[in-house]
Amino acid sequence: MADLTDPAISAAYLDVRDDKTETTWVLLDYISDRADKLAVTKTGSGDLSELREQLDDTKASFAYVRVKYANDVQSQREKFILVVWIGPSCKIMRKAKVSVHAADVKQVLRVYSIEVAAREKDDLKEEPIIIRLRKAGGASYDGV
C-alpha cells in the first residue's frame, strides 16, 4: 500500500480544487527509491506544460491537475485529471508497484474526469487531453 497520510497531500488536493486559489496542479513523489510513502514535492499555477517540466524521467509520480478549456466561444470549462507518471528511466520495482499504489492515490485524489497514464512527457500535451475531456464531458457542440 502507498502511504498518503501526510496532511499536506489532502491540503494540496483541496487547494487545486478551490476556485479561489491560483494553484492548478500538485505533484506527488515517493520520498525515496525504496519507500512507499508519497509527499507533495511541487505545486504550480500554470498549465500542463509547466507540470511536464517538473517530471523526472527516473521517477514514478502522481499529479492532480485543473485543466481549463473553451468548449465553444461562449463557454469556459474546468475539469480535473489524475496523471500517473512512470518515467522512461524509472526503476523496474517502482514501475511494478505504481499500478497497485494508484488505487490508494485514487482514494485521496478522488474527483477527476479522466486518468492519464503518461510514460513520456508528450503524453501530457494539452490538445489530446482536452479532446478526451470533451468526450468524457458529454456536451460537445463542436463535433468532437
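I take a residue as buried when its relative accessible area is under 20% and as exposed when that area is over 50%. The model I consulted is predicted.

**Entry 1: serine 61**

I began with serine 61, which sits in strand β3, residues 60–72. Its relative accessibility is 3%, so I recorded serine 61 as buried. I then looked up its side-chain partners and found a polar contact of 2.2 Å with the side chain of aspartate 29. Setting aside residues up to four places away in sequence, I listed Leu27, Leu28, Asp29, Val83, Val84 and Trp85 as the residues that serine 61 touches.

**Entry 2: leucine 82**

I turned next to leucine 82, placed in strand β4, residues 75–86. Is leucine 82 buried or exposed? I noted 0% relative accessibility for leucine 82, which therefore counts as buried. Beyond four places in sequence, its contacts are Ala63, Val105, Lys106, Leu109, Tyr112, Ile114, Glu115 and Val116. I also checked one distance: leucine 82 and glutamate 120 are separated by 38 residues in sequence and by 15 Å between their C-alpha atoms.

**Entry 3: threonine 23**

I located threonine 23 in the loop that runs between α1 (7–17) and β1. Its relative accessible area is 13%, so this loop residue is buried. Which side chain is joined to that of threonine 23 by a polar contact? I found that of aspartate 15, at 2.6 Å. Apart from neighbours within four places in sequence, threonine 23 is in contact with Asp15, Val16, Thr43, Gly44, Ser45 and Arg66.

**Entry 4: aspartate 33**

I then examined aspartate 33, in the loop between β1 (25–30) and β2 (38–44). Its relative accessible area is 57%; this is over 50%, so I entered aspartate 33 as exposed. I found Lys91 and Arg94 as its contacts once neighbours within four places in sequence are left aside. With lysine 91 the link is a polar contact between side chains, at 3.3 Å. I compared positions with valine 16 as well: aspartate 33 lies 17 residues from valine 16 in sequence, and the two C-alpha atoms are 27 Å apart.

**Entry 5: the chain as a whole**

I closed with the overall layout. I counted four helices and five strands, and their order along the sequence reads α-β-β-α-β-β-α-β-α. For 144 residues, a compact globule would have a radius of gyration near 15 Å; the value I obtained is 15 Å, so the chain agrees with that expectation. Along the principal axes, the C-alpha atoms fill a box of roughly 50 × 30 × 25 Å.

How much of the chain is buried? I recorded 40% of the 144 residues. I next took the contacts between residues at least 6 apart in sequence and found that 62% of them join residues at least 24 apart. The exposed area of the chain is about 7800 Å², of which carbon and sulfur atoms supply 49%. Finally, I tallied the charged side chains at 23 positive and 24 negative, and noted that the centres of these two sets lie 4 Å apart.

Technical notes. Residues numbered from 1 in each chain as written. Predicted model: local features only at pLDDT ≥ 70, side-chain atom pairs only at ≥ 80, totals over all residues. Heavy atoms only, no water. Helix = DSSP H or I, 4+ residues; strand = E, 2+ residues; numbered from the N terminus. Rg over C-alpha atoms; globule rule 2.2 N^0.38 Å. Buried < 20%, exposed > 50% of the residue type's maximum accessible area, 1.4 Å probe, protein only. Contact = heavy atoms within 4.5 Å. Areas by Shrake-Rupley, 256 points an atom, 1.4 Å probe, with all protein chains shown as cover. Lys, Arg positive; Asp, Glu negative; His and termini not counted. Charge placed at Lys NZ, Arg CZ, Asp CG, Glu CD. Polar contact = N/O pair within 3.5 Å; in protein donor to acceptor, adjacent residues only side chain to side chain.
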